[in-house]
Amino acid sequence: MSSSVGLAIFGILLAGVLALNGFFWWRFVKQYEIRHELLDASCELVSSRFTSGFKMGWTYPVFGPSWTDVPCNVELKVSVPGRAEVSGSTWLHLTYHQGLVWEYLKDSCSNMLPKTHEAVSCLRFQVFDCAYVPAVNGGVEVAFAGKADSLPDLPVLLCMKATGLSILTLGPLLLVTTGILRGAVRGPAAARQLAPEQCKGDEECNYAVLAEA
């Protein structure tokens, strides 16, 4: 009974570790695909209404940049030379570059979204450089403030995190799994090695078999 409970607990831990590794590698692949589909464009907000998303802070280990990814759901108009102008509701990701001391108040949609300015007789939003991924239906799947080559290299950081997690978890897990499988195979084999002629009686033979198992 105790061995069955132990195997069940180990199976749950194994599934959790594999799921965590799968999530980390999926996150890297997703960002890698997004970065390779980005098109540089000019963007302009259509409305002042927005919805703030969940901010995420990123930093390279030891040396490298630190930044906060600030997602804002906005009505956005995207213009690309030689392409039809597209607009719609999408997530616009803003990058707030952090220093040694992180800023947690200024890295927000209300502080970072482009402001309005008066143009002729109407109020318009500032036009800013952006990069976006075209949607299948012709809209905007996701957009980033700034040109594509100016964005922090998040895919490289995610690849480093996924690789480190796999080395720290899958390596030891493979060794433990191998040990468990070898023990499970050796148990019955060791019990069968005791020949009947080595026993003086049925009771001693049964005791020896149990001791070997």
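**Pocket, strand pairing and disulfides in a predicted model**

E33 has its place in helix α1. The model is a predicted one, and this glutamate makes a handy way in. With a relative accessible area of 41%, E33 is partly exposed, as the value falls between the 20% limit for buried and the 50% limit for exposed. Along the chain, E33 and P155 are 122 residues apart, yet their C-alpha atoms are separated by 9.1 Å. The helix that holds E33 spans residues 2-37, and P155 falls within α3, which covers residues 154-192.

Both of those helices turn up again at the largest pocket. Its volume comes to about 580 Å³. There are 25 residues lining this pocket, and Q31, W58, D69, H93 and L154 are the closest to its centre. Who supplies the wall? At least two lining residues each come from α1, β2 (56-59), β3 (66-79), β4 (86-98), β8 (140-145) and α3. The top contributor is α1, which gives seven residues to the lining. As for chemistry, the lining splits into 16 nonpolar residues, four polar ones and five charged ones.

Two of the strands that feed the pocket lining, β4 and β8, also pair with each other. They run parallel and are joined by three bridges. On this side of β8, W91 has V142 as its bridge partner. Strand β8 pairs with β7 (residues 128-134) too, this time antiparallel and through five bridges. Here the bridge partner of P134 is V140 in β8. Together β7 and β8 make a hairpin, with five residues between the two strands. In the turn of that hairpin, G138 takes a positive phi of about 95 degrees. As background to these pairings, side chains in a regular strand alternate between the two faces of the sheet.

Now for the cysteines: the structure holds two disulfides. In one of them, C43 and C130 are bonded, with their sulfur atoms 1.9 Å apart. The link is right-handed, at 70 degrees about the S-S bond. Since C43 sits in strand β1 (residues 39-52) and C130 in strand β7, this pair ties together parts that lie 87 residues apart in sequence. Strand β7 is thus met twice, as it is also the hairpin partner of β8. Both cysteines of this pair, C43 and C130, are buried.

The other disulfide joins C72 and C109, whose sulfur atoms are 2.0 Å apart. This link is left-handed, with -100 degrees about the S-S bond. C72 belongs to strand β3 and C109 to helix α2 (residues 109-112), so the bond ties together parts 37 residues apart in sequence. Strand β3 is also one of the elements that supply the pocket lining. C72 is buried, its relative accessible area being 0%. C109 counts as buried as well, because its relative accessibility is 2% and the limit for buried is under 20%. Numbered in sequence order, the bonded cysteines pair up as 1-4, 2-3.

One further cysteine deserves a mention. C159 has a relative accessibility of 25% and therefore counts as partly exposed. Its residue number places C159 in α3, the helix that also includes L154, and L154 is among the residues closest to the centre of the largest pocket.

Note on methods: Residues are numbered from 1 along each chain as its sequence is written. This is a predicted model: local features need pLDDT of at least 70, side-chain atom pairs count only at pLDDT 80 or more; totals for chains, interfaces and linings use all residues. Side-chain values use heavy atoms; hydrogens and water are left out. On a 1 Å grid over the protein atoms alone, a cavity is a set of points where a 1.4 Å probe fits but cannot get out, and a pocket is an open set with protein on both sides within 12 Å along at least five of seven lines; lining residues have an atom within 4 Å of a point. Grid points are joined across faces, edges and corners, and a volume is the space filled by probe spheres set on the points. Helices (H or I, at least four residues) and strands (E, at least two) are DSSP runs, numbered from the N terminus. Ala, Val, Leu, Ile, Met, Phe, Trp, Tyr, Cys and Pro count as nonpolar, Asp, Glu, Lys and Arg as charged, and the others, Gly among them, as polar. Two strands pair if DSSP finds at least two bridges between them. A disulfide is a pair of cysteine sulfur atoms within 2.5 Å. Buried means under 20% relative accessible area, exposed over 50%, partly exposed in between (1.4 Å probe, protein chains only).
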